[in-house]
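Here is a friendly walk through a few local features that are worth finding in the viewer. Have the backbone and the side chains ready to display.

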Amino acid sequence: MTSTAVPATTTGGPGLPQERRLVTAIPGPRSQELLARKAAAVPSGVGVAVPVAVVAAGGGVVVDADGNSLVDLGSGIAVTSVGNAHPGVAAAVAAQAVAFTHTCFTIAAYDGYVEVAEALNRLTPGDHEKRTALFNSGAEAVENAVKIARKHTGKQAIVVFDHAYHGRTNLTMALTAKNQPYKSGFGPFAPEVYRVPMSYPFHDGLSGTEAAARAISQIEKQVGVENTAAVLIEPIQGEGGFVVPASGFLPAIAEWARTNDVVFIADEVQTGFARTGAMFASEHEGVVPDIVTTAKGIAGGLPLSAVTGRAEIMDSPHAGGIGGTYGGNPIACAAALAAIDAFEHDGLVERAQQIETVLFDALRTAQEQDPRIGDVRGRGAMIAMELVDPETGAPDPGLTGRIVRYAYEHGVIALTAGTYGNVVRFLPPLAIDDALLVEGVGIVLEGLATA
Ligand code: PMP
């Protein structure tokens, strides 16, 4: 069967005109055609949030098959931080694809895998001796971090937090807090997972020390340190609504873990690689995790994930105990090396800090006029607004949904998040320019004003 719906792909990357341009309604006819085929060919459980058929993307825009150019404030959920079709990434992928595409690293080794491991050992927090193993997805990295922590400690219980998101595999569904849409009907879930309260300043009003004491007391009373292999936490929660724990919370949990032979795992799948205005979000509080999981931004859009940790922990599993056919695929590693080069040498950490200023300015100014914006929070290019009913303070997921719909209908991709579905989150590519960023957030706020 031939495809008639989507025209040949245009060249993407930063050379694309950096503009919001609407030439049809969203979705336009070609996008509708693809979505109709999608409905017939792909299960409905695989949703599509923004109804467009993408043909090119780069810098801060995504171009659809009808010729519309949308401002990208989502980066494919924090993945294309260096920019979509980044020239360095594209060239590295092309070069690797004509050299060799696969050996399975556990059958025959190659340089790219080891080089990515060396880079992560160098870049992640702490100057202790480290090791890195590579995988394909964030969930797979988290699963392997848990396996390694259990093997190292000889203990089984894994402590996770309210509002956490760690993936959609069986173990990571158990680690994830939110029932709908992630878990409902998909049980039974993996055992020995225990959930304790998160620090969520907008909701609980607790200091970091108070919130940590509450969580630690619950672990000690309900799980027991003698049973606890690991504490697993996102330093800033992603899908849970960009929840930034109160200052002092993360260091207190990390210190408690250190003194109790509990592995402290930071899930930096969403927060890693310059996203929060530091190379890793743990750095904002001076926390040195025992294990860090990464994915998303690591390889400019190619599927790659990693587990990086203290050498003595990482070396606990026996030979053959961890691995997989595709983990650390050579093309994904080549892409990662190009992306990491951009993170380190193109000022992207500083760019994320500038994006924070632009977004906070726009959102806090709007908040002064509009009490439905209950909270504005986040770090770097990971900023959110939480929407509430000003009378009752109750979450307003309906308003949130209307805003992101208004946004894409007017040429801006914005995403929702949050346990209560009432958070609009901003995750622009770090390659976006200020004019487009300001225009994009302006459209989202226009959506709030008219919703
Ligand atoms: N951990 C965190 C913190 C995430 O944000 C995500 C993805 N949103 C995952 C794990 C799972 O990653 P993946 O979808 O690549 O499996």
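Ile 77 is partly exposed, with a relative accessible area of 32% (buried is under 20%, exposed is over 50%, and partly exposed lies in between, using a 1.4 Å probe on protein chains only). This is a predicted model, where local features need pLDDT of at least 70, side-chain atom pairs count only at pLDDT 80 or more, and totals for chains, interfaces and linings use all residues. Residues are numbered from 1 along each chain as its sequence is written, and side-chain values use heavy atoms, with hydrogens and water left out.

Ile 77 sits in helix 2, and so does Ser 75; helices are DSSP runs of H or I with at least four residues, strands are runs of E with at least two, and both are numbered from the N terminus. In contrast to Ile 77, Ser 75 is buried, at 0% relative accessible area. Most residues other than glycine have a negative phi, and most peptide bonds are trans. The table lists departures from both habits.

| Site | Feature | Angle |
|---|---|---|
| Ser 75 | positive phi | about 50° |
| Ile 77 | positive phi | near 60° |
| Gln 180 to Pro 181 | cis peptide bond | omega about 0° |
| Gly 187 to Pro 188 | cis peptide bond | omega near 5° |

Pro 181 belongs to the loop between helix 6 (170-175) and strand 6 (193-196), and Pro 188 is found in the loop between helix 6 and strand 6 too.

Next, look at a pair of helices. The axes (lines fitted to C-alpha atoms over the stretch in contact, with angles from 0 to 180 degrees between N-to-C directions) of helix 8 (residues 208-222) and helix 9 (residues 249-259) come within 8 Å and cross at roughly 35°. Residues in this contact (heavy atoms within 4.5 Å) include Ala 212 and Ile 216 of helix 8, and Phe 249 and Trp 256 of helix 9.

Where is Gly 154 found? Its place is the loop between helix 5 (138-153) and strand 5 (157-161). Gly 154 is exposed, with a relative accessible area of 64%. Its C-alpha atom is separated by 7.3 Å from that of Ala 229, although the two residues are 75 apart along the chain.

Finally, strand 4 (130-135) and helix 4 (111-123) each supply at least two residues to the lining of the second largest pocket. Strand 4 gives the largest share, 6 residues.
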